[in-house]
Amino acid sequence: MGGNSINEKDLLISISNGNELAFGKLFSQYKDTVYSIGLALTANTFDAEEVVQEVFSRIWRYKETLPNIIVFDFWIKTVARNRGLTLLKRKAVEIKKRHIY
């Protein structure tokens, strides 16, 4: 999907209005990209799947803001990277806590 395509903008608007079918289409188009980013960061399939779940949960939770995104492809990759890094930080804190106690 191109960043400024009419179809992408329409899809984002549909999702922002609560269209679950449009959300499913977006998920199908980007799940592999998000998974790949998660896997590259975490080197763990379970964690990569968690990144996918967190990214798409966040998209649905904040769906009203989707029409404001100018280049969705860049945006979702950034969100996936940030979610992956947050997951790694959370795991590092958990490991540190286990070693302290």
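**Figure 1. Aromatic pairs in the predicted model.** Across this whole predicted structure, a search turns up five aromatic pairs. One of them joins F23 and W60 in an edge-to-face arrangement, with ring centres 5.1 Å apart and 70 degrees between the planes. This pair bridges distant parts of the chain, since F23 belongs to helix α2 and W60 to helix α3, 37 residues apart. F23 counts as buried because its relative accessibility is 17%, under the 20% limit. W60 has a relative accessibility of 25%, so W60 counts as partly exposed.

**Figure 2. A second edge-to-face pair, Y30 with F72.** Here the rings of Y30 and F72 meet edge-to-face, at 5.1 Å centre to centre and with 75 degrees between the planes. Once again the pair links distant parts of the chain: Y30 sits in helix α2, F72 in helix α4, and their positions lie 42 residues apart in the count along the chain. Are Y30 and F72 buried or exposed? Both Y30 and F72 are buried.

**Figure 3. The aromatic cluster and the lysine above W60.** Take a moment with the four rings of F23, F27, F56 and W60, which form one aromatic cluster. The charged end of K63 sits over the ring of W60, 4.4 Å from the ring centre. K63 itself is found in the loop between α3 and α4. Is K63 buried or exposed? With a relative accessible area of 15%, K63 is buried, because buried means under 20%. Setting aside residues up to four places away in sequence, K63 touches I15, S16 and G18.

**Figure 4. The largest nonpolar core.** This view shows a core of 21 residues, in which L26, V34, V55, F56, I59, F72 and I76 touch the most other members. Helices α1 (6-16), α2, α3 and α4 (72-100) each provide at least two of the core residues. Which helix gives the most to this core? That is α2, with six residues. As a general point, nonpolar side chains tend to be buried together in soluble globular proteins.

**Figure 5. The surroundings of I59.** I59 is one of the residues that touch the most other members of the core, and a close-up shows its partners. Leaving out neighbours within four places in sequence, I59 is in contact with F23, L26, L66, F72, W75 and I76. Two names from the earlier views return here: F23, which pairs with W60, and F72, which pairs with Y30.

**Figure 6. Helix α3 and its buried residues.** The 17 residues of α3 should span 24 Å at 1.5 Å a residue, and the end C-alpha atoms are indeed 24 Å apart. Which residues of α3 are buried? They are D47, A48, V51, V52, V55, F56 and I59. These buried residues pack against α2 and α4. For reading the spacing along a helix, remember that an α-helix has 3.6 residues a turn, so residues three or four places apart point the same way.

**Figure 7. Helix α4 from end to end.** α4 contains 29 residues and reaches 42 Å from its first C-alpha to its last, close to the 42 Å expected at 1.5 Å a residue. The buried residues of α4 are F72, I76, V79, A80, R83, G84 and L87. L85 also lies in helix α4, but L85 is partly exposed, with a relative accessible area of 32%. The C-alpha atoms of L85 and G38 are separated by 8.7 Å, although the two residues are 47 residues apart along the chain.

**Figure 8. The loop residue A43.** A43 is placed in the loop between α2 (20-42) and α3 (45-61). Its phi is near 55 degrees, a positive value in a residue other than glycine. Most residues other than glycine have a negative phi. A43 is exposed because its relative accessible area is 67%, over the 50% limit.

**Figure 9. The whole chain, for orientation.** To place the close-ups, note that the chain has four helices and zero strands, following the pattern α-α-α-α along the sequence. The C-alpha trace spans about 55 × 20 × 20 Å along its principal axes. Buried residues make up 30% of the 101 residues. Among contacts with a separation of 6 or more, 64% come from residues 24 or more positions apart. The accessible surface comes to about 6,500 Å², and 56% of this belongs to carbon and sulfur atoms.

Note on methods:
Residues numbered from 1 in each chain as written. Predicted model: local features only at pLDDT ≥ 70, side-chain atom pairs only at ≥ 80, totals over all residues. Heavy atoms only, no water. Buried < 20%, exposed > 50% of the residue type's maximum accessible area, 1.4 Å probe, protein only. Core = buried A, V, L, I, M, F, W, Y, C linked by side-chain atoms within 4.5 Å. Contact = heavy atoms within 4.5 Å. Phe/Tyr/Trp six-rings, centres within 6.5 Å; stacked < 30°, edge-to-face > 60°. Lys NZ or Arg CZ within 6 Å of the ring centre and 35° of its normal. Expected span 1.5 Å × (residues − 1). Areas by Shrake-Rupley, 256 points an atom, 1.4 Å probe, with all protein chains shown as cover.
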